[in-house]
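Good morning, everyone, and thank you for making time for this. Please have the sequence and the structure open while I talk, and stop me wherever something is unclear.

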Amino acid sequence: MNSIEVDIKAIKFPLHFKGKIIKGFGRGSKELGIPTANLPIEDYEEQLREIPVGVYYGFANVEGLNNDKVYPMAMSIGWNPFYKNTKKTIEVHLIEKFDRDFYGKELKAIALGYIRPMCTFNSLDELIKAIQKDIEISKESLQTQSEYQTNSFFTV
Ligand SMILES: Cc1cc2nc3c(=O)[nH]c(=O)nc-3n(C[C@H](O)[C@H](O)[C@H](O)COP(=O)(O)O)c2cc1C
């Protein structure tokens, strides 16, 4: 099965992620205007073998940020084919505007649904539009799953 023919029903949601935020390439904020918090892939090798690369939605919080407030998020897992990364990344975009980085802080995320496979695009503009659409889909989908926003995973 390739990444296009994903068996979404086989993904065992919710998926839990927890780790210290590391530096990515810094393109999210600068080139895309869509900052992401990157997690170390090494902690998730086993879990990632069982789930398809692609774009997911859910909730996430960052230690110490607005009293550990839980935000809606859109998340990418994969090789960022537009940039031809050689290493898989896990990246979480908190759906809220922030004017600083969170490197070194602990991030917790619960992924609740799959949106689409990772794709490449003909232009940066198309990539940005696709991610903005993901953000809209995430916001809409999360309205019916808001109970996860108060999940104890975020507070323990
Ligand atoms: C919701 C979401 C969807 C994404 N979809 C794609 C995609 O389809 N193709 C791709 O190459 N990168 C995708 N990305 C990853 C971006 O390319 C990546 O966040 C950007 O290159 C910044 O990476 P950096 O933090 O390493 O600088 C997505 C990121 C997010 C948050």
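Let me begin with a question: which residue in β6 does Lys 20 stand opposite? The residue is Glu 106, and I should say straight away that we are looking at a predicted model, so please take every value that follows as computed from that model.

That pair of residues belongs to the place where β1 and strand β6, residues 106-116, run antiparallel and are joined by six bridges. If we step back to the whole sheet, we find an open arrangement of six strands in the order β1-β6-β3-β4-β5-β2, with antiparallel pairing. Because β1, residues 15-20, and β2, residues 37-39, stand at the edges and have a single partner strand each, one side of each is left without a neighbour in the sheet. Neighbouring strands here are turned against each other by 35 degrees on average, if direction is ignored. Packed on this sheet is helix α3, residues 124-142, which touches β3, β4, β5 and β6, and whose direction makes about 95 degrees with that of β6.

Now to the aromatic residues, where a search of the whole structure finds seven pairs. One of them is formed by Tyr 56 and Tyr 114 in an edge-to-face arrangement, with 5.2 Å from centre to centre and 80 degrees between the planes. Since Tyr 56 lies in strand β3 and Tyr 114 in strand β6, this pair ties together parts that are 58 residues apart in sequence.

Next, the ligand, which is surrounded by 24 residues, the closest being Phe 25, Arg 27, Glu 91, Arg 116 and Cys 119. In the case of Arg 116, an N or O atom of the side chain is 2.8 Å from an oxygen atom of the ligand. The backbone takes part in such contacts as well: a polar backbone atom of Pro 81 is 3.2 Å from a ligand oxygen, and a backbone N or O atom of Asn 80 lies 3.5 Å from an oxygen atom of the ligand. Taken alone, the ligand exposes 620 Å², and the protein buries 99% of that.

Finally, two details of the backbone. In the segment before β1 we find Pro 14, and the peptide bond that leads to Pro 14 from Phe 13 is cis, with omega near 0 degrees. In the loop between β3 and β4 sits Asn 67, whose phi is near 55 degrees, a positive value in a residue other than glycine.

Methods: Residues numbered from 1 in each chain as written. Predicted model: local features only at pLDDT ≥ 70, side-chain atom pairs only at ≥ 80, totals over all residues. Heavy atoms only, no water. Pairing = 2+ DSSP bridges. Helix = DSSP H or I, 4+ residues; strand = E, 2+ residues; numbered from the N terminus. Axes fitted to C-alpha atoms, helices over the stretch in contact; angles between N-to-C directions. Contact = heavy atoms within 4.5 Å. Near = heavy atom within 4 Å. Polar contact = N/O pair within 3.5 Å; in protein donor to acceptor, adjacent residues only side chain to side chain. Areas by Shrake-Rupley, 256 points an atom, 1.4 Å probe, with all protein chains shown as cover. Phe/Tyr/Trp six-rings, centres within 6.5 Å; stacked < 30°, edge-to-face > 60°.
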